[in-house]
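Subject: Structure handover

Hello,

Please find the structure below, followed by notes on what was found in it. The cut-offs are given where each term comes up.

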Amino acid sequence: MKTKKIRNTLLLFLTAFIWGAAFVAQSSGGDAVGPYTFNCSRSIIGSLVLIPVIFLLDGLKLTNRKPVTKEEKKTLWIGGLSCGLVLCIATNLQQVGINSGTPAGKAGFLTACYIILVPILGLFLKKKSTWNIWLGVMLTVIGLYLLCMKGSLSLQFSDILLLLCALDFSVHILIIDYFSPKVDGVRMSCIQFMTVGILTAFPMFFTEMNGSFANLGPWLSMFQRWDALIPILYAGVFSSGVAYTLQIIGQQDVNPTVASLILSLESVFSVLAGAVILGEMMSLRELCGCAFIFAAVILAQIPVGKKA
């Protein structure tokens with residue numbers, strides 16, 4: 001059990017790393033093709049990528065929760081559709097907020113507010129958190145503020161969209177916490193992304209295709225541009241197909257609040273990626289923010305209480 005928990009924690013770290021590197025892709029890809037086209041495309045790609053993975057895992061007999069009974073299949077579909085519905089709302093609110101003028105750093109800070117909401121919502125579901133986890137949440141909020149916020153904290157409409165997105169991501173984490181021990185994570189992720197892709201196709205058609213199939217040609221021509229294709233492929237294959245699947249698998253046997261703290265490291269990894277890949281200099285303020293968040297994640301891992 002302990003080895004499995006360590007493995008799942010490492011999978012959540014990897015998830016945060018992939019998401020952090022994908023933040024630039026979300027911004028540039030959404031600008032190139034529109035927020036709904038970007039999310040619809042990346043989600044369908046993410047779902048299609050997982051289909052051969054499912055067959056491969058079944059063939060190698062590595063699937064330990066393959067649904068067999070009618071009840072198991074029902075649970076899988078309920079979990080996948082529930083995750084897909086909530087994730088559809090969250091990702092589209094986030095994408096529209098980013099493409100409506102909220103700076104990337106501020107968007108990262110507001111989105112990461114789910115770390116506050118997860119333990120609060122968890123109280124209603126009898127998911128209690130120990131004092132060190134609550135302290136970790138407070139340290140993470142301070143760290144995220146130092147890391148991400150460079151302007152004022154005044155709110156505009158796009159910022160409100162990102163706060164609503166944070167609420168939806170909180171619900172998404174708690175839904176995964178409920179279903180992940182019961183179903184095959186790869187299958188649930190596949191259903192989740194196909195749901196997001198299909199639902200997002202509706203606002204995409206009426207806004208970015210102007211509600212007419214006559215605009216299909218110009219719409220398809222956008223995918224011939226490298227500034228659109230590369231971000232969509234990265235976000236579809238890695239950020240969606242790989243990372244969200246790792247999240248579902250990694251959250252098994254991990255406190256949802258601890259999981260949210262680890263996933264908040266995506267903000268740290270996005271800044272570190274900019275420093276390593278793009279040669280961007282990190283300020284002392286940003287380094288302090290990273291230190292606060294890393295300290296919070298480590299603090300949340302320390303066992304407390306009778307079992308310590």
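The structure holds two salt bridges, a salt bridge being a side-chain nitrogen of Lys or Arg within 4 Å of a carboxyl oxygen of Asp or Glu. Before the details, some conventions. This is a predicted model, in which local features need pLDDT of at least 70 and side-chain atom pairs count only at pLDDT 80 or more, while totals for chains, interfaces and linings use all residues. Residues are numbered from 1 along each chain as its sequence is written, and side-chain values use heavy atoms, with hydrogens and water left out.

Salt bridges

One salt bridge pairs Arg187 with Asp58, with 2.5 Å between the closest N and O atoms. Arg187 is in helix α8 and Asp58 in helix α2, so this pair links distant parts of the chain, 129 residues apart (helices are DSSP runs of H or I with at least four residues, strands are runs of E with at least two, and both are numbered from the N terminus). Arg187 also forms a salt bridge with Asp184, at 3.0 Å from N to O. Through the shared partner, Asp58, Asp184 and Arg187 are joined into one network. As general background, side chains of opposite charge can pair when their charged atoms come close.

Both Arg187 and Asp58 are buried; buried means under 20% relative accessible area, exposed means over 50%, and partly exposed is in between (1.4 Å probe, protein chains only). The relative accessible area of Arg187 is 13%, and Asp184 is buried as well, at 9%.

Asp184 sits in the loop between α7 and α8. Leaving out residues up to four places away in sequence, Asp184 touches Thr63, Arg65 and Leu76, where contact means heavy atoms within 4.5 Å. The C-alpha atoms of Asp184 and Ile249 are 8.4 Å apart, and these two residues are separated by 65 residues along the chain.

Overall make-up

The chain has 13 helices and zero strands. Of its 308 residues, 51% are buried. Among contacts between residues at least 6 apart in sequence, 90% join residues at least 24 apart. The chain exposes about 14700 Å², with carbon and sulfur atoms supplying 72% of that area; accessible areas come from the Shrake-Rupley method with a 1.4 Å probe, and for residues only the protein chains shown count as cover.

Nonpolar cores

In soluble globular proteins, nonpolar side chains tend to be buried together. The largest nonpolar core here has 49 residues, and Tyr114, Phe169 and Leu265 have the most contacts inside it. A nonpolar core is a set of buried Ala, Val, Leu, Ile, Met, Phe, Trp, Tyr and Cys residues joined through side-chain atoms within 4.5 Å. Helix α7 (residues 157-179) gives the most to this core, namely seven residues. Apart from this core lies another, of 13 residues, including Cys40, Phe205, Met209 and Trp219.

Not counting neighbours within four places in sequence, Phe169 is in contact with Leu87, Ala90, Thr91, Gln94, Thr111, Tyr114 and Tyr244.

Thr37 and Trp219

Thr37 belongs to helix α2 (residues 35-59) and is buried, with a relative accessible area of 0%. The side chains of Thr37 and Trp219 are joined by a polar contact of 3.0 Å. A polar contact is a pair of N or O atoms within 3.5 Å; within protein, one must be able to donate a hydrogen and the other to accept it, and residues adjacent in sequence count only if both atoms are side-chain atoms. With residues up to four places away in sequence set aside, Thr37 touches Met204, Glu208, Trp219 and Phe223.

Surface patch

Ile116, Ile120, Leu123, Phe124, Leu125 and Trp134 form a nonpolar patch on the surface, together with about 590 Å² of accessible area. Patches are made of residues with over 30% relative accessible area and no salt bridge, like charges being joined within 9 Å and nonpolar side chains (Val, Leu, Ile, Met, Phe, Trp, Tyr) within 5 Å. Helix α5 (residues 114-124) supplies the largest share of the patch, four residues. Trp134 is in helix α6 (residues 131-148) and counts as partly exposed, at 31% relative accessibility.

Backbone

Asn210 has a phi near 55 degrees, a positive value in a residue other than glycine. Most residues other than glycine have a negative phi. Asn210 is placed in the loop between α8 (185-207) and α9 (216-221) and is exposed, with a relative accessible area of 59%.

Regards
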